[in-house]
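Biologist: Could you take me through how one reads charged pairs and enclosed spaces in a model of this kind? I would like the general idea each time, and then the case at hand.

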Amino acid sequence: MAAPRVVNARATRSKGESATRTRILKDGTIESVAELINNGSAKNIIVMSGAGISTAAGIKDFRSPGTGLYDDLERFNLPYPEAVFDISFFKDNPDPFYRLAKELLPGRYRPTFTHYLLPLLAKKDLLLRSYTQNIDMLERLTGLDEDLLVEAHGSFATSECIQCNELCDNSYVRKHILKGEIPHCMECKGLVKPTITFFGEQLPDRFGTLAQVDFKKCDLLIVLGTSLQVEPFNRLITRVPASCPRLLINREKAGEDMHLGFDFDDKWKYPVLRDAVFLGNCDEGVRQLAKLCGWEGELQAMFEAGNIEMALAEELEALTLAKEAEEEQKEIEERAKAEQESDKGEKEKPHVKEHTENVLKDTHENHQVPKNLEESKSNTKKPSSSDDVDAISDLLQATEISSSKKDSAPAKDTTKAGKDDKPS
(Lines give C-alpha, C1' and ligand atoms only; values in the text may rest on other atoms or scores of the structure.)
Protein backbone atom coordinates (compact mmCIF):
# COMPACT_ATOMS: atom_id res chain seq x y z
CA MET A 1 0.00 0.00 0.00
CA ALA A 2 1.29 3.42 -0.91
CA ALA A 3 2.41 5.76 1.83
CA PRO A 4 0.27 8.85 2.52
CA ARG A 5 1.05 11.85 0.35
CA VAL A 6 -0.51 15.20 -0.44
CA VAL A 7 -2.22 15.35 -3.81
CA ASN A 8 -3.99 17.92 -5.93
CA ALA A 9 -5.82 15.70 -8.37
CA ARG A 10 -7.91 17.25 -11.11
CA ALA A 11 -11.48 16.01 -11.35
CA THR A 12 -12.70 13.92 -14.25
CA ARG A 13 -16.25 13.27 -15.23
CA SER A 14 -17.83 10.01 -14.12
CA LYS A 15 -17.93 7.40 -16.87
CA GLY A 16 -21.07 6.00 -15.32
CA GLU A 17 -23.14 9.06 -16.26
CA SER A 18 -26.43 8.25 -18.01
CA ALA A 19 -29.59 10.06 -19.02
CA THR A 20 -31.59 8.52 -16.14
CA ARG A 21 -30.51 9.89 -12.77
CA THR A 22 -31.33 8.54 -9.33
CA ARG A 23 -31.81 10.76 -6.28
CA ILE A 24 -30.75 9.01 -3.08
CA LEU A 25 -31.13 12.09 -0.89
CA LYS A 26 -34.02 14.49 -1.07
CA ASP A 27 -31.49 17.31 -1.28
CA GLY A 28 -27.91 18.05 -0.35
CA THR A 29 -28.62 19.04 3.27
CA ILE A 30 -27.89 17.50 6.64
CA GLU A 31 -31.64 17.27 7.21
CA SER A 32 -32.00 14.79 4.36
CA VAL A 33 -29.27 12.61 5.89
CA ALA A 34 -31.01 12.66 9.29
CA GLU A 35 -34.22 11.60 7.58
CA LEU A 36 -32.37 8.64 6.05
CA ILE A 37 -31.12 7.59 9.49
CA ASN A 38 -34.51 8.01 11.12
CA ASN A 39 -36.30 5.83 8.57
CA GLY A 40 -33.84 3.00 9.17
CA SER A 41 -32.09 3.12 5.81
CA ALA A 42 -28.63 3.55 7.37
CA LYS A 43 -27.46 0.56 9.40
CA ASN A 44 -23.79 0.30 8.42
CA ILE A 45 -22.41 3.78 8.90
CA ILE A 46 -18.73 4.51 8.35
CA VAL A 47 -17.29 7.71 9.85
CA MET A 48 -14.13 9.17 8.35
CA SER A 49 -12.47 11.90 10.39
CA GLY A 50 -9.56 14.30 10.25
CA ALA A 51 -7.88 16.94 12.39
CA GLY A 52 -10.96 19.19 12.29
CA ILE A 53 -12.77 17.09 14.88
CA SER A 54 -10.01 17.77 17.43
CA THR A 55 -9.60 21.53 17.06
CA ALA A 56 -12.27 22.13 19.71
CA ALA A 57 -10.05 20.11 22.08
CA GLY A 58 -7.26 22.62 21.54
CA ILE A 59 -5.29 20.60 18.99
CA LYS A 60 -4.38 22.51 15.84
CA ASP A 61 -5.31 21.12 12.46
CA PHE A 62 -2.57 20.87 9.86
CA ARG A 63 -3.39 23.16 6.98
CA SER A 64 -5.60 26.06 8.12
CA PRO A 65 -3.83 29.22 6.87
CA GLY A 66 -2.29 31.17 9.73
CA THR A 67 -3.51 28.85 12.49
CA GLY A 68 -2.67 25.36 11.22
CA LEU A 69 0.07 23.21 12.68
CA TYR A 70 2.24 23.43 9.59
CA ASP A 71 2.25 27.23 9.80
CA ASP A 72 3.42 26.95 13.41
CA LEU A 73 6.49 24.84 12.68
CA GLU A 74 8.85 27.64 11.67
CA ARG A 75 10.33 27.53 15.20
CA PHE A 76 11.77 24.10 14.38
CA ASN A 77 13.73 25.45 11.39
CA LEU A 78 12.51 22.66 9.09
CA PRO A 79 13.37 22.47 5.38
CA TYR A 80 9.61 22.12 4.72
CA PRO A 81 6.69 21.76 7.20
CA GLU A 82 5.90 18.12 6.43
CA ALA A 83 9.50 17.17 7.28
CA VAL A 84 8.50 16.81 10.93
CA PHE A 85 6.56 13.70 9.84
CA ASP A 86 9.04 12.50 7.19
CA ILE A 87 10.80 9.25 8.08
CA SER A 88 14.03 10.15 6.24
CA PHE A 89 14.27 13.49 8.04
CA PHE A 90 13.42 11.83 11.36
CA LYS A 91 16.31 9.38 11.02
CA ASP A 92 18.72 12.29 10.58
CA ASN A 93 17.12 14.65 13.08
CA PRO A 94 14.44 13.28 15.45
CA ASP A 95 14.52 16.32 17.74
CA PRO A 96 11.79 18.43 15.99
CA PHE A 97 9.33 15.54 16.06
CA TYR A 98 9.89 14.87 19.75
CA ARG A 99 9.57 18.52 20.63
CA LEU A 100 6.25 18.54 18.77
CA ALA A 101 5.24 15.17 20.25
CA LYS A 102 5.40 16.66 23.73
CA GLU A 103 2.66 19.09 22.67
CA LEU A 104 0.54 16.39 20.96
CA LEU A 105 0.98 13.70 23.57
CA PRO A 106 -2.31 12.02 24.58
CA GLY A 107 -3.43 12.92 28.07
CA ARG A 108 -3.23 16.66 27.53
CA TYR A 109 -6.52 16.86 25.63
CA ARG A 110 -10.05 15.58 26.02
CA PRO A 111 -12.44 14.22 23.38
CA THR A 112 -14.81 16.77 21.88
CA PHE A 113 -18.56 16.65 21.51
CA THR A 114 -18.01 15.28 17.99
CA HIS A 115 -15.88 12.38 19.22
CA TYR A 116 -18.76 11.06 21.31
CA LEU A 117 -20.87 10.59 18.18
CA LEU A 118 -18.82 7.44 17.57
CA PRO A 119 -19.68 5.52 20.77
CA LEU A 120 -23.27 6.77 20.43
CA LEU A 121 -23.58 5.25 16.94
CA ALA A 122 -21.93 2.09 18.27
CA LYS A 123 -24.40 1.94 21.15
CA LYS A 124 -27.25 2.10 18.65
CA ASP A 125 -25.57 -0.63 16.57
CA LEU A 126 -25.25 1.70 13.60
CA LEU A 127 -21.45 2.10 13.41
CA LEU A 128 -19.69 -0.26 11.03
CA ARG A 129 -16.29 1.36 11.57
CA SER A 130 -14.56 4.63 12.37
CA TYR A 131 -11.59 5.53 10.14
CA THR A 132 -9.45 8.37 11.42
CA GLN A 133 -6.37 10.19 10.17
CA ASN A 134 -5.72 11.51 13.68
CA ILE A 135 -2.90 10.32 15.89
CA ASP A 136 -4.22 11.93 19.10
CA MET A 137 -6.10 8.82 20.34
CA LEU A 138 -9.13 10.87 21.36
CA GLU A 139 -11.46 8.30 19.77
CA ARG A 140 -10.10 5.71 22.18
CA LEU A 141 -10.66 7.99 25.15
CA THR A 142 -14.41 8.07 24.46
CA GLY A 143 -14.55 4.38 25.33
CA LEU A 144 -15.08 3.31 21.72
CA ASP A 145 -14.40 -0.38 21.19
CA GLU A 146 -10.98 -0.59 19.52
CA ASP A 147 -12.35 -3.19 17.11
CA LEU A 148 -14.55 -0.45 15.63
CA LEU A 149 -11.59 1.90 15.15
CA VAL A 150 -9.02 2.11 12.36
CA GLU A 151 -6.22 4.60 12.97
CA ALA A 152 -5.09 4.98 9.36
CA HIS A 153 -1.95 6.91 10.24
CA GLY A 154 -1.18 5.06 13.47
CA SER A 155 -1.10 6.62 16.92
CA PHE A 156 0.83 7.06 20.16
CA ALA A 157 -0.73 3.84 21.48
CA THR A 158 2.44 1.83 20.83
CA SER A 159 6.10 2.57 20.04
CA GLU A 160 8.82 0.62 18.32
CA CYS A 161 12.47 0.81 17.32
CA ILE A 162 12.92 1.88 13.70
CA GLN A 163 16.07 -0.23 13.49
CA CYS A 164 15.15 -3.63 14.97
CA ASN A 165 11.35 -3.15 15.08
CA GLU A 166 11.26 -4.17 18.74
CA LEU A 167 8.17 -2.89 20.54
CA CYS A 168 9.09 -0.58 23.40
CA ASP A 169 7.44 0.04 26.74
CA ASN A 170 5.08 2.94 26.12
CA SER A 171 5.53 4.37 29.62
CA TYR A 172 9.28 4.51 28.98
CA VAL A 173 8.71 6.44 25.74
CA ARG A 174 6.15 8.73 27.34
CA LYS A 175 8.50 9.67 30.19
CA HIS A 176 11.23 10.55 27.72
CA ILE A 177 8.86 12.70 25.66
CA LEU A 178 7.63 14.56 28.75
CA LYS A 179 11.25 15.24 29.76
CA GLY A 180 12.08 16.51 26.27
CA GLU A 181 14.41 13.57 25.67
CA ILE A 182 14.76 11.24 22.69
CA PRO A 183 14.06 7.59 23.58
CA HIS A 184 16.35 4.85 22.30
CA CYS A 185 15.83 1.12 22.02
CA MET A 186 16.98 -0.80 25.09
CA GLU A 187 17.93 -3.73 22.84
CA CYS A 188 19.94 -2.15 20.00
CA LYS A 189 20.12 1.55 21.01
CA GLY A 190 18.32 2.54 17.78
CA LEU A 191 15.83 5.41 17.55
CA VAL A 192 12.38 4.72 18.95
CA LYS A 193 9.24 6.39 17.67
CA PRO A 194 5.51 5.98 18.27
CA THR A 195 3.81 3.81 15.66
CA ILE A 196 2.66 6.86 13.72
CA THR A 197 2.74 6.51 9.94
CA PHE A 198 5.25 9.00 8.59
CA PHE A 199 5.57 10.11 5.01
CA GLY A 200 7.66 7.39 3.38
CA GLU A 201 6.20 4.56 5.48
CA GLN A 202 3.55 1.97 4.75
CA LEU A 203 0.13 2.38 6.34
CA PRO A 204 -0.88 -0.21 8.96
CA ASP A 205 -1.99 -3.56 7.53
CA ARG A 206 -5.24 -3.23 9.44
CA PHE A 207 -6.16 -0.19 7.36
CA GLY A 208 -5.83 -1.95 4.00
CA THR A 209 -7.40 -5.21 5.15
CA LEU A 210 -10.54 -3.74 6.68
CA ALA A 211 -11.04 -1.00 4.08
CA GLN A 212 -11.38 -3.63 1.34
CA VAL A 213 -14.32 -5.17 3.15
CA ASP A 214 -15.98 -2.33 5.07
CA PHE A 215 -16.56 0.18 2.32
CA LYS A 216 -18.44 -2.34 0.19
CA LYS A 217 -20.94 -2.75 3.04
CA CYS A 218 -21.30 0.95 3.85
CA ASP A 219 -24.80 2.44 3.45
CA LEU A 220 -23.99 5.91 4.84
CA LEU A 221 -20.63 7.67 4.83
CA ILE A 222 -20.09 10.59 7.21
CA VAL A 223 -16.89 12.60 6.66
CA LEU A 224 -15.84 14.94 9.49
CA GLY A 225 -13.23 17.68 9.68
CA THR A 226 -10.84 16.81 6.87
CA SER A 227 -9.59 18.57 3.76
CA LEU A 228 -9.20 15.19 2.02
CA GLN A 229 -5.80 16.04 0.59
CA VAL A 230 -3.78 13.04 1.76
CA GLU A 231 -3.72 9.75 -0.10
CA PRO A 232 -4.74 7.00 0.19
CA PHE A 233 -7.11 8.04 2.99
CA ASN A 234 -8.91 10.61 0.82
CA ARG A 235 -9.69 7.99 -1.83
CA LEU A 236 -11.82 6.03 0.61
CA ILE A 237 -14.79 8.24 -0.20
CA THR A 238 -14.76 6.80 -3.73
CA ARG A 239 -14.89 3.18 -2.56
CA VAL A 240 -18.43 3.10 -1.20
CA PRO A 241 -21.19 1.73 -3.47
CA ALA A 242 -22.56 4.18 -6.05
CA SER A 243 -25.88 4.20 -4.21
CA CYS A 244 -24.34 5.08 -0.82
CA PRO A 245 -25.22 8.58 0.44
CA ARG A 246 -22.33 10.74 1.69
CA LEU A 247 -22.27 13.64 4.16
CA LEU A 248 -19.40 16.08 4.68
CA ILE A 249 -19.28 18.19 7.86
CA ASN A 250 -16.41 20.64 7.50
CA ARG A 251 -15.60 24.34 7.48
CA GLU A 252 -15.20 24.27 3.71
CA LYS A 253 -16.02 21.95 0.84
CA ALA A 254 -13.48 19.24 0.12
CA GLY A 255 -12.99 16.12 -1.95
CA GLU A 256 -14.53 17.53 -5.12
CA ASP A 257 -11.37 17.43 -7.24
CA MET A 258 -11.02 13.69 -7.69
CA HIS A 259 -12.71 11.07 -9.82
CA LEU A 260 -15.91 9.92 -8.10
CA GLY A 261 -15.32 12.49 -5.39
CA PHE A 262 -17.99 14.71 -3.82
CA ASP A 263 -20.31 16.62 -6.15
CA PHE A 264 -22.28 19.05 -3.99
CA ASP A 265 -23.21 21.42 -6.80
CA ASP A 266 -24.06 18.79 -9.42
CA LYS A 267 -21.04 19.90 -11.40
CA TRP A 268 -20.18 16.45 -12.70
CA LYS A 269 -23.74 15.28 -13.31
CA TYR A 270 -23.28 11.91 -11.68
CA PRO A 271 -26.13 9.47 -12.36
CA VAL A 272 -26.77 9.26 -8.59
CA LEU A 273 -27.46 12.37 -6.49
CA ARG A 274 -26.19 11.34 -3.07
CA ASP A 275 -23.93 14.05 -1.55
CA ALA A 276 -24.79 16.45 1.27
CA VAL A 277 -22.70 19.08 3.07
CA PHE A 278 -22.83 21.05 6.32
CA LEU A 279 -20.42 24.00 6.33
CA GLY A 280 -19.29 24.91 9.84
CA ASN A 281 -17.26 23.47 12.67
CA CYS A 282 -17.69 19.80 13.49
CA ASP A 283 -19.32 20.23 16.90
CA GLU A 284 -22.04 22.42 15.36
CA GLY A 285 -22.70 19.97 12.55
CA VAL A 286 -22.75 16.91 14.78
CA ARG A 287 -25.05 18.63 17.28
CA GLN A 288 -27.41 19.52 14.46
CA LEU A 289 -27.41 15.94 13.17
CA ALA A 290 -27.98 14.55 16.67
CA LYS A 291 -30.84 16.98 17.25
CA LEU A 292 -32.51 15.99 13.98
CA CYS A 293 -32.18 12.33 14.93
CA GLY A 294 -33.51 12.91 18.46
CA TRP A 295 -30.16 12.07 20.08
CA GLU A 296 -28.98 15.46 21.29
CA GLY A 297 -29.73 14.91 24.99
CA GLU A 298 -28.17 11.44 24.97
CA LEU A 299 -25.06 12.69 23.19
CA GLN A 300 -24.72 15.63 25.59
CA ALA A 301 -24.98 13.29 28.57
CA MET A 302 -22.26 11.04 27.15
CA PHE A 303 -20.05 14.06 26.56
CA GLU A 304 -20.49 15.37 30.11
CA ALA A 305 -19.98 11.95 31.72
CA GLY A 306 -16.88 11.47 29.61
CA ASN A 307 -15.46 14.80 30.78
CA ILE A 308 -15.98 13.87 34.43
CA GLU A 309 -14.24 10.54 33.85
CA MET A 310 -11.40 12.26 32.01
CA ALA A 311 -10.96 14.81 34.80
CA LEU A 312 -10.61 12.00 37.35
CA ALA A 313 -8.18 10.13 35.10
CA GLU A 314 -6.09 13.28 34.61
CA GLU A 315 -6.00 13.89 38.37
CA LEU A 316 -4.94 10.30 39.01
CA GLU A 317 -2.21 10.52 36.35
CA ALA A 318 -0.97 13.82 37.79
CA LEU A 319 -0.73 12.27 41.26
CA THR A 320 1.00 9.19 39.87
CA LEU A 321 3.52 11.28 37.93
CA ALA A 322 4.15 13.48 40.98
CA LYS A 323 4.75 10.41 43.15
CA GLU A 324 7.09 8.90 40.57
CA ALA A 325 8.97 12.19 40.28
CA GLU A 326 9.27 12.40 44.06
CA GLU A 327 10.58 8.83 44.31
CA GLU A 328 13.00 9.44 41.45
CA GLN A 329 14.28 12.62 43.12
CA LYS A 330 14.68 10.76 46.41
CA GLU A 331 16.71 8.05 44.68
CA ILE A 332 18.91 10.68 43.05
CA GLU A 333 19.53 12.38 46.39
CA GLU A 334 20.30 9.07 48.11
CA ARG A 335 22.76 8.10 45.38
CA ALA A 336 24.43 11.52 45.58
CA LYS A 337 24.70 11.25 49.36
CA ALA A 338 26.17 7.76 49.14
CA GLU A 339 28.71 8.93 46.56
CA GLN A 340 29.70 11.90 48.73
CA GLU A 341 30.18 9.67 51.78
CA SER A 342 32.20 7.23 49.71
CA ASP A 343 34.42 10.02 48.34
CA LYS A 344 34.82 11.47 51.82
CA GLY A 345 35.77 8.10 53.24
CA GLU A 346 38.41 7.57 50.55
CA LYS A 347 39.93 10.99 51.26
CA GLU A 348 39.96 10.46 55.05
CA LYS A 349 41.68 7.06 55.03
CA PRO A 350 45.32 8.33 54.82
CA HIS A 351 44.60 11.03 57.43
CA VAL A 352 43.10 8.51 59.82
CA LYS A 353 46.15 6.28 59.46
CA GLU A 354 48.58 9.18 60.03
CA HIS A 355 46.57 10.42 63.01
CA THR A 356 46.52 6.95 64.57
CA GLU A 357 50.29 6.56 64.16
CA ASN A 358 50.90 9.96 65.80
CA VAL A 359 48.63 9.14 68.73
CA LEU A 360 50.38 5.84 69.33
CA LYS A 361 53.80 7.51 69.09
CA ASP A 362 52.83 10.31 71.49
CA THR A 363 51.36 7.81 73.94
CA HIS A 364 54.53 5.75 73.88
CA GLU A 365 56.75 8.81 74.43
CA ASN A 366 54.63 10.28 77.21
CA HIS A 367 54.83 7.08 79.23
CA GLN A 368 58.68 7.03 79.24
CA VAL A 369 60.72 8.51 82.10
CA PRO A 370 62.96 11.35 80.88
CA LYS A 371 66.72 11.05 81.41
CA ASN A 372 66.91 14.35 83.28
CA LEU A 373 64.29 12.98 85.68
CA GLU A 374 66.64 10.07 86.54
CA GLU A 375 69.56 12.36 86.96
CA SER A 376 67.65 14.75 89.21
CA LYS A 377 66.63 11.87 91.48
CA SER A 378 70.11 10.46 91.85
CA ASN A 379 71.67 13.84 92.68
CA THR A 380 68.97 15.11 95.05
CA LYS A 381 69.05 14.85 98.84
CA LYS A 382 65.94 14.68 100.98
CA PRO A 383 64.14 17.91 100.22
CA SER A 384 62.21 20.20 102.46
CA SER A 385 58.56 21.07 101.86
CA SER A 386 59.43 24.15 99.83
CA ASP A 387 62.06 22.16 98.02
CA ASP A 388 59.38 19.54 97.22
CA VAL A 389 57.22 22.10 95.46
CA ASP A 390 60.17 23.45 93.50
CA ALA A 391 61.34 19.98 92.64
CA ILE A 392 57.93 18.93 91.46
CA SER A 393 57.68 22.06 89.32
CA ASP A 394 61.12 21.41 87.90
CA LEU A 395 60.23 17.81 87.21
CA LEU A 396 56.99 18.79 85.44
CA GLN A 397 58.83 21.38 83.41
CA ALA A 398 61.57 18.91 82.57
CA THR A 399 58.93 16.38 81.50
CA GLU A 400 57.24 18.93 79.23
CA ILE A 401 60.57 19.97 77.69
CA SER A 402 61.54 16.36 77.19
CA SER A 403 58.20 15.55 75.61
CA SER A 404 58.37 18.51 73.26
CA LYS A 405 61.90 17.60 72.11
CA LYS A 406 60.89 13.93 71.65
CA ASP A 407 63.97 13.12 73.83
CA SER A 408 63.12 9.77 75.37
CA ALA A 409 64.95 6.98 77.26
CA PRO A 410 63.94 3.59 78.61
CA ALA A 411 62.23 3.74 81.97
CA LYS A 412 64.24 2.38 84.96
CA ASP A 413 63.05 1.00 88.26
CA THR A 414 64.15 3.62 90.84
CA THR A 415 62.64 1.87 93.88
CA LYS A 416 63.14 -1.49 95.57
CA ALA A 417 60.22 -3.47 96.85
CA GLY A 418 60.06 -4.00 100.61
CA LYS A 419 59.75 -7.39 102.24
CA ASP A 420 56.00 -6.98 102.79
CA ASP A 421 55.33 -5.46 99.38
CA LYS A 422 53.36 -7.70 97.06
CA PRO A 423 52.72 -7.18 93.43
CA SER A 424 49.29 -5.81 92.85
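Modeller: Let us begin with a charged pair in this predicted model. A salt bridge is read from the distance between a side-chain nitrogen of Lys or Arg and a carboxyl oxygen of Asp or Glu, with 4 Å as the cut-off. Here Asp214 and Arg129 form such a bridge, and their closest N and O atoms are 2.8 Å apart.

Biologist: Which parts of the chain does the pair of Asp214 and Arg129 tie together?

Modeller: Asp214 belongs to helix α7 (residues 205-217) whereas Arg129 belongs to strand β4 (residues 127-132), so the bridge ties together parts that are 85 residues apart in sequence.

Biologist: Is Asp214 buried or exposed, and what about Arg129?

Modeller: A residue counts as buried when its relative accessible area is under 20%. Asp214, with a relative accessible area of 2%, is buried, and Arg129, at 10%, is buried as well.

Biologist: How many salt bridges does a search of the whole structure find?

Modeller: The search finds 19. One of them links Arg21 to Asp266, with the closest N and O atoms 2.5 Å apart. Arg21 sits in the loop between β1 (5-6) and β2 (22-23), and Asp266 in the loop between β11 (246-250) and β12 (272-273), so this pair ties together parts that are 245 residues apart in sequence. Arg21 is partly exposed, its relative accessible area being 33%.

Biologist: What can you say of the pair formed by Arg140 and Glu146?

Modeller: The closest N and O atoms of Arg140 and Glu146 are 3.1 Å apart. Arg140 counts as partly exposed at 25% relative accessibility, and Glu146 counts as partly exposed at 47%. Bridges may also share partners, and in this way Arg21, Asp266 and Lys269 are joined into one network.

Biologist: Turning to enclosed spaces, how many cavities of 30 Å³ or more does the count give?

Modeller: A cavity is a space where a 1.4 Å probe fits but cannot get out. The count comes to one cavity of 30 Å³ or more, and the largest cavity holds about 130 Å³ of space.

Biologist: Which residues line the largest cavity, and how do they divide by character?

Modeller: Its lining includes Ala51, Ile59, Phe62, Leu69, Leu104 and Ile135, along with Ser54, Gln133 and Asn134, and also Lys60 and Asp136. By character, the lining of the largest cavity divides into six nonpolar, three polar and two charged residues.

Methods. Residues are numbered from 1 along each chain as its sequence is written. This is a predicted model: local features need pLDDT of at least 70, side-chain atom pairs count only at pLDDT 80 or more; totals for chains, interfaces and linings use all residues. Side-chain values use heavy atoms; hydrogens and water are left out. On a 1 Å grid over the protein atoms alone, a cavity is a set of points where a 1.4 Å probe fits but cannot get out, and a pocket is an open set with protein on both sides within 12 Å along at least five of seven lines; lining residues have an atom within 4 Å of a point. Grid points are joined across faces, edges and corners, and a volume is the space filled by probe spheres set on the points. Ala, Val, Leu, Ile, Met, Phe, Trp, Tyr, Cys and Pro count as nonpolar, Asp, Glu, Lys and Arg as charged, and the others, Gly among them, as polar. Helices (H or I, at least four residues) and strands (E, at least two) are DSSP runs, numbered from the N terminus. Buried means under 20% relative accessible area, exposed over 50%, partly exposed in between (1.4 Å probe, protein chains only).
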